[in-house]
Amino acid sequence: MTVSVDPSARVANGAVLGDGVDIGPYCVVGPEVRLADGVKLLSHAVISGRTHIGEGTIIYPMASIGQPALIHSYQGMPGELVIGARCELREYVTISTGSDKGDGKTEIGDDCMLMQGAHVGHDCKVGHSVTLVAYSTLAGHCVIGNFAIVSAHCGLHQFVRIGESAFVGAMTGITDDLIPFGMALGNRGWLNGLNLVGLKRRGFERENIHALRRAYRLLFANDEGTLRERVDDVAALFPDDMLVQKVIQFIREGGERAILTPGSGRGTRDG
């Protein structure tokens with residue numbers, strides 16, 4: 001068998017190409033990439049990093065495979081990505097390499113199908129015959145069992161485990177582990193506290209964060225009066241606090257949708 005590389009493609013020195021590899025127009029293959037026998041890059045695909053792709057895998061246009069981990073503090077540690085045999089990676093799929101936040105390796109098993117726009121984050125472990133439907137996203141360190149299906153527009157939190165043959169329904173957010181053969185459907189977000197990590201990362205003072213937490217409790221952790229009344233009370237209690245006043249302004253301005261409240265997938269419009 002022979003290797004076919006379109007004249008418009010760019011294959012770096014050092015890349016290893018197996019028998020029958022077919023690289024289409026305008027593809028880019030990095031110097032540490034290994035493509036096993038029969039791999040096909042249809043067009044405009046970018047394969048970079050320390051990436052090994054198994055036999056017979058097909059990668060569709062605009063996929064970006066083997067880019068560095070999506071971590072703000074990433075310092076360029078050379079992670080690794082291993083993709084199994086006979087996988088199908090459709091348009092706009094993105095897969096990150098491993099990182100020093102995990103074991104340094106992202107792994108995808110054999111016979112997987114990742115539909116358009118799906119994303120697999122750093123250090124994930126995806127089993128065999130897994131299906132990620134369009135625009136489903138795995139945050140870092142997720143573990144997906146064999147034969148699992150994650151439906152369209154789902155989001156999985158870091159470190160979540162999805163068991164063998166489990167099913168996640170469309171537009172579901174998963175923040176906890178799903179047992180093998182289990183099914184998760186219809187998860188909707190609700191207000192679940194303050195983003196304290198984000199506040200600290202932005203460098204806000206401890207006193208401001210404590211004030212915001214107190215305001216949050218007054219707004220959402222009691223049932224006295226309507227939300228509109230609680231907003232007025234909190235605005236008067238914290239007239240000079242920038243963070244609290246941003247929350248107050250947001251609620252008062254309103255919008256097309258309700259304001260999310262804690263413990264329920266449904267919001268309220270009385271504010």
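**Group meeting: salt bridges and helix H2**

Okay, let's start with one contact: Asp177 and Arg161 form a salt bridge, and their closest N and O atoms are 2.7 Å apart. Asp177 sits in the loop between strand E26 (173-174) and strand E27 (183-184), while Arg161 is in strand E24 (residues 161-162), so this pair ties together parts that are 16 residues apart in sequence. As for cover, Asp177 is partly exposed, because its relative accessible area is 42%. Oh, and keep in mind that what you're looking at is a predicted model.

So how many salt bridges does the structure hold? The count is 8. Let me show you a couple of others. Glu107 pairs with Lys125, with 3.3 Å between the closest N and O atoms. Here Glu107 belongs to strand E15 (residues 105-108) and Lys125 to strand E18 (residues 125-126), so the bridge ties together parts 18 residues apart in sequence. Glu107 is partly exposed too, with a relative accessible area of 32%.

Then there's Arg252 with Asp232, at 2.9 Å from N to O. This one goes between helices: Arg252 is in helix H4 (residues 242-253) and Asp232 in helix H3 (residues 227-237), so it ties together parts 20 residues apart in sequence. Arg252 comes out at 48% relative accessible area, which means partly exposed, and Asp232, at 39%, also counts as partly exposed. And some salt bridges share partners: that's how Arg86, Asp110 and Asp111 end up joined into one network.

Now on to helix H2. Which residues gather in a patch of positive charge on the surface? They're Lys200, Arg206, Arg213, Arg214 and Arg217. Helix H2 (residues 206-220) gives the largest share of that patch, 4 residues. Take Arg213, which lies in helix H2: its relative accessibility is 35%, so it counts as partly exposed.

But helix H2 has buried residues as well. Ile209 is in this helix, and it counts as buried because its relative accessible area is 7%, with the cut-off for buried being under 20%. If you want a sense of distance, the C-alpha atoms of Ile209 and Ile65 are 39 Å apart, and the two residues are 144 residues apart along the chain.

Last thing: a search of the whole structure turns up 1 aromatic pair. That's Tyr216 with Phe220, a tilted pair, 5.3 Å centre to centre with 50 degrees between the planes. Both lie in helix H2, 4 residues apart, or about one turn of the helix. Buried or exposed, those two? Both Tyr216 and Phe220 are buried.

Terms used. Residues are numbered from 1 along each chain as its sequence is written. This is a predicted model: local features need pLDDT of at least 70, side-chain atom pairs count only at pLDDT 80 or more; totals for chains, interfaces and linings use all residues. Side-chain values use heavy atoms; hydrogens and water are left out. Patches are made of residues with over 30% relative accessible area and no salt bridge: like charges are joined within 9 Å, nonpolar side chains (Val, Leu, Ile, Met, Phe, Trp, Tyr) within 5 Å. Accessible areas come from the Shrake-Rupley method with a 1.4 Å probe; for residues, only the protein chains shown count as cover. A salt bridge is a side-chain nitrogen of Lys or Arg within 4 Å of a carboxyl oxygen of Asp or Glu. Lys and Arg count as positive and Asp and Glu as negative; His and the chain ends are not counted. The place of a charge is taken as NZ of Lys, CZ of Arg, CG of Asp or CD of Glu. Helices (H or I, at least four residues) and strands (E, at least two) are DSSP runs, numbered from the N terminus. Buried means under 20% relative accessible area, exposed over 50%, partly exposed in between (1.4 Å probe, protein chains only). Rings of Phe, Tyr and Trp (its six-membered ring) pair if their centres lie within 6.5 Å; planes under 30 degrees apart count as stacked, over 60 as edge-to-face and the rest as tilted.
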